[in-house]
Amino acid sequence: MQSVATYYLGADEAERARLLAQCELHRREAAQLLDRVGVAYGTRVLDVGCGPLGVLDILSVRVGPAGQVIGLDNEPRMLAYAEQTIREGELATVELIQGDATRSGLPEDSFDGVHERLVLINHPSPQDVVREIVRVTRPGGWVAVQEVDMYSWMCDPGHAAWDELLETLRRVWSANGSDPFIGRQLATLLRRAGLVDVDGDAHAYRWHPGHPYQTLLLTFIDIYRHQLLEAQLLDEERLDHLTDELCKHLDSPDTFVVHPILFQAWGRKPV
Ligand SMILES: C[S@@+](CC[C@H](N)C(=O)[O-])C[C@H]1O[C@@H](n2cnc3c(N)ncnc32)[C@H](O)[C@@H]1O
């Protein structure tokens, strides 16, 4: 049976801004990854779950005016945001398609390369997404995937409020069918889907007070506030207390945060 996925982070303006900022955060690593797989001039490539931008702009530069970039997303509001980004960036070779990452309806073997970032972590059946990515890639074509892994997400010095809120978030994600430890599994997922020449990399980031990602955990707690209260993972008083405590701690000049590690994996569809 095909899996049905919900993107719990929504598609409001705040999520759009969060995703566009995240594109900037990961821009250098995305460019390195696409250099590695060798996105050739004039080729036809796909970004699955592109959101308001994904890597459409980087791909568009790589394939040039002779190539074609398709952005796929199942959320019409994300596609509307992407359309605006494309218009503003004058990305002439980019087209957008509404479709599901597990049953895109795109023809088999029809892309020279396919990329996805941060879709698998939000999907209850990541192997179905990878299977579809491999299906639409032509023999000899490349696949590149990027996902975070919560393993490295920490603050130093540690704090009890951090630990409790992080565990609460992990439980919310698990209840939603997301796997916050998907990053480390990427290379295995690609190999199991039949790809060859599979390899991988990982990137870490460190934040300080005043940087927006210093308080990313609190941002997520706020996004999921309603859900975690409804599921009675915490009561309102406890949640507000932990949030206040952590806010103060993360604001201290001595506190730094290490971001969830960004894993990348790539491979080729056998000829
Ligand atoms: C965390 S965002 C990442 C966006 C983009 N890949 C990036 O890295 O900036 C996840 C995106 O995947 C899309 N998405 C989630 N589930 C999907 C599905 N089943 N099929 C297609 N798109 C999906 C969401 O609408 C959202 O735009």
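In what order do the seven strands of the open sheet with mixed pairing follow one another? The order is 3-2-1-4-5-10-7, where helices (H or I, at least four residues) and strands (E, at least two) are DSSP runs numbered from the N terminus, and two strands pair if DSSP finds at least two bridges between them. The model is predicted, so local features need pLDDT of at least 70 and side-chain atom pairs count only at pLDDT 80 or more, while totals for chains, interfaces and linings use all residues. Residues are numbered from 1 along each chain as its sequence is written, and side-chain values use heavy atoms, with hydrogens and water left out.

Strand 3 and strand 7 (196–203) form the edges of the seven-stranded sheet; each has a single partner strand, so one side of each is without a neighbour in the sheet. On average, neighbouring strands of this sheet are turned by 15° against each other, direction ignored; here axes are lines fitted to C-alpha atoms, for helices over the stretch in contact, and angles run from 0 to 180 degrees between N-to-C directions. Strand 1 pairs with strand 4 in the parallel sense over four bridges, and Glu 116 in strand 4 is the bridge partner of Val 48. Strand 4 (residues 111–117) also pairs with strand 5 in the parallel sense, over six bridges, with Thr 137 in strand 5 as the bridge partner of Phe 111.

Strand 5 deserves a closer look. Eleven of the 13 residues of strand 5 (residues 137–149) are buried, so this strand is largely enclosed by the rest of the structure; buried means under 20% relative accessible area, exposed over 50%, and partly exposed in between (1.4 Å probe, protein chains only). Gln 146 lies in strand 5 and counts as buried at 0% relative accessibility. Not counting residues up to four places away in sequence, Gln 146 touches Ala 30, Leu 33, Val 55, His 115, Glu 116, Arg 117, Leu 118, Leu 186, Leu 262, Phe 263 and Gln 264, contact being defined as heavy atoms within 4.5 Å. In strand 4, Asp 112 is buried too, with a relative accessible area of 18%. Leaving aside neighbours within four places in sequence, Asp 112 is in contact with Thr 43, Arg 44, Arg 138, Gly 141 and Trp 142.

Two helices can now be placed against this sheet. Helix 2 packs on the sheet and touches strand 4, strand 5, strand 7 and strand 10 (261–268), its direction making about 15° with that of strand 10. Helix 3 lies across strand 1, strand 2, strand 3 and strand 5, and runs at about 160° to strand 2. Helix 3 is mostly covered, with six of its eight residues buried, namely Leu 56, Asp 57, Ile 58, Leu 59, Ser 60 and Val 63. These buried residues pack against helix 2, strand 1 (44–48), strand 2 (68–73), helix 4 (76–89), strand 3 (94–98) and strand 5. Gly 64 follows helix 3 and has a positive phi, near 70°.

The axes of helix 2 (residues 27–37) and helix 3 (residues 56–63) come within 10 Å and cross at roughly 40°. In the contact, Arg 27, Ala 30, Ala 31, Leu 34 and Asp 35 of helix 2 meet Asp 57, Ile 58, Leu 59 and Arg 62 of helix 3.

A second open sheet has three strands in the order 6-9-8, with antiparallel pairing. Its edge strands are strand 6 (154–156) and strand 8 (206–207), each pairing on one side only. Strand 6 pairs with strand 9 (residues 256–258) over three antiparallel bridges, and Phe 256 in strand 9 is the bridge partner of Asp 156.

Nonpolar packing completes the picture. The largest nonpolar core (a set of buried Ala, Val, Leu, Ile, Met, Phe, Trp, Tyr and Cys residues joined through side-chain atoms within 4.5 Å) has 57 residues, of which Leu 46, Trp 153, Trp 162, Leu 165 and Leu 217 touch the most other members. Helix 6 (residues 160–175) gives the most to this core, with seven residues. Another core lies apart from it and has 22 residues, among them Leu 34, Val 39, Leu 56 and Ala 144.
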